[in-house]
Amino acid sequence: MRANLPYLVGGSLISLLLGIIVTIIIPAQDPIGPTALARPYTEQELVGRAIYLKEGCMYCHTQQVRAPEANASMIHEPGDIGPESVPGDYYYQSPVFWGTNRQGPDLAHMASRAGIGDNPAWQRLHLQNPRAVSSGSVMPSYDYLTPAQLDALVAYLLTLK
Amino acid sequence: MLSSTAGSASRRFFFAALFWLLVPGVMGLTLALVLYVPSLQDAFPIGIKPYLSFGRLRSAHVNLAIFGWLSQAYVGGILYILPRLTHTRLFSERLAHANWWLWNMMVAGALLTLPLGVTQGREYAEMIWPLDLLLVLNMLLLAVNIWGTVARRNEPKIYVSLWTFMAGTMVMLPVYMVGNKIWDPDGAFTGMTDNIVNYFYVHNLFNAWFTTVGLGLALYLLPKLADRPLYSHKLGLWGLWSVWTGQHHQLNSPAPDWLEYLTVVFSILAAVPTTAFMVNFFMTMRGSWQRVERDVALRFLVTGALFWAFTCVQGVAQSFRSFSMRVHFTNWVIGHSHLALVVDYSFWAFALIYLMVPQLVGRSLYSRALMEWHYWLTTIGMVVFMVFLWVAGLIQAQHWMSNSIPFLDTVRVMNPFFGVRLFGGLLAGAGILCFVYNLWRTAAIEPARRSPVLAAGPGAGQ
């Protein structure tokens, strides 16, 4: 067994290295440019995005629309989940907020939902008291954010077109 | 502070693990409660409201559970097993104590930062950069102790558990450093690649650390508790060196299709080590099944192993794009993660602690009845918890795919399921209280007598 040790150690490190090359380095070589939906953020939007991260919004809201549900799945109206997400949509983002769980709806194209998603007044009210506008919602109320923080968060949310 | 008494570091890791089991447990119950009664969140006093906010508490719950409780129980087990399988003293007991202090600084750091919203915001990789560095240092110190002890062993044969400890620490180091982009956490990758790296790390955190080392611990416990030699060492090694699947946590996502198909193939290959482990398990258990009734530690081990097999079946199923399309993003996923982390790996950690802590403190366990309560409350509670989340997830999937139900209605439907999940969680939590109280009484009733920790005895299966 002692003689095998270098092979086992070397072999496992090589397989790890191969894994890193194939699953990280090669996909990272794909030339991906920004799509029309990607946008460089303003300073206020970046502040809002940092609040989104700090409050952990991405644990309950995804920001990725998968091909089979694109333009079909329903948030308020049939199909208003929006178009399929593509890599270029995330061009300016780090970290990305793809998410793994939807206790709340997908937000990738939230600001394109007329009357609700694109309405800053509704957004503000909903953040401060979710159950006042969405009865049965399980979302925490973010009434502890300052007015400036709320403004920034809403400004960021409205970029999700 | 840095005692050189044999076994003292292992004991410390176990008791720290017990403490850190309670903290994320209470957090988890709080999360389950606010999902069931969301308006409670509005009633939290404004002074503490931000810290109990779901998004912050969830990452604290996850990180403390995996790095505070489960990982420390693992390290306690590793430090206990090392001298016994190598028939020598630990490479450095003092180093292990330093490891313990640094480990708990890291966990305390996570407890202080995550509820404040100080986070890197990537799932399972939330800890900020200084804590990342502490984790790498901790893993390095542990690796030194593991490799150092094995290097000076007095037993020529390296039992399979030792291989898993050596491999787990060796692979975890690069996985953690690459996965957390330790050289530049926020700038190294952006966009899609950022996510790909994140789930490379998430999957291999489980592969390299929780699964590989967990199987090593289980393969030490099995012949000990079943009182039979391990059926096959070769099979055990098979299990070890082929636990290598791909990243499959983001299917149907914007990531390249070829990458997704590749991960599906590797996920199916994961059935090989799983089968190897289960064959080994059942063949070793032959003739020992009647012990399961008497011995609660063995019962935890066996229950954990059976649920582990089920986790792997579920995991392979979830890595098909069609099935993932249905259950991903639903509450099914929460059920699956608790299946792996609580009912498999934590059950093995319970078995470890029941076997090892009485030896380390030099007296027998305080109460056998509490052990039974722990087993039944936690098992039944978790089964209720998981089954209802799986069913809830399938219902969500059905509703979402109907394309004709407003999303908010699909949230409202979840309410009774969240109620039952909370009930299951409370049962499991009551079991955990029995467990921790039992161990605390075992250790604290009278001053510990010096225990014959190094009396190596017959090594497991050797």
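Here is a quick walk through a predicted model with a chain A and a chain B, taking chain B before the place where they touch.

Let's start with chain B and its secondary structure. If you go looking for strands here, you'll come back empty-handed: chain B has 18 helices and zero strands. How is it packed overall? A compact globule of 462 residues would be expected to have a radius of gyration near 23 Å, and chain B comes out at 22 Å, so the two agree. Along its principal axes, the C-alpha atoms of chain B fill a box of roughly 65 × 50 × 45 Å.

Now for the inside of chain B. Of its 462 residues, 57% count as buried. Take the contacts in chain B with a separation of 6 or more: 86% of them come from residues 24 or more positions apart.

Chain A is described here by its domains. Domain 1 covers residues 1-30 of chain A, and domain 2 covers 33-157. Going by C-alpha atoms, the centres of these two domains of chain A are separated by 38 Å.

So where do the chains meet? Chain B puts 62 residues into the contact, and chain A puts in 53 residues. On the chain B side, the elements giving two or more residues include helix 4 (54-86), helix 7 (160-179) and helix 15 (332-361). The largest share on that side, eight residues, belongs to helix 8 of chain B, which spans 191-226. As for the kinds of residue on the side of chain B that touches chain A, they split into 32 nonpolar, 20 polar and ten charged.

Terms used. Residues are numbered from 1 along each chain as its sequence is written. Chains are lettered from A and ligands numbered from 1 in the order in which they are written. This is a predicted model: local features need pLDDT of at least 70, side-chain atom pairs count only at pLDDT 80 or more; totals for chains, interfaces and linings use all residues. Two residues are in contact if their C-beta atoms, placed from the backbone, lie within 7 Å. Helices (H or I, at least four residues) and strands (E, at least two) are DSSP runs, numbered from the N terminus. Ala, Val, Leu, Ile, Met, Phe, Trp, Tyr, Cys and Pro count as nonpolar, Asp, Glu, Lys and Arg as charged, and the others, Gly among them, as polar. Domain bounds come from an automatic or database domain assignment. The radius of gyration is taken over C-alpha atoms; the globule rule is 2.2 Å times the number of residues to the power 0.38. A residue is buried if 20 or more other C-beta atoms lie within 10 Å of its own, exposed if 12 or fewer, and partly exposed in between; C-beta atoms are placed from the backbone.
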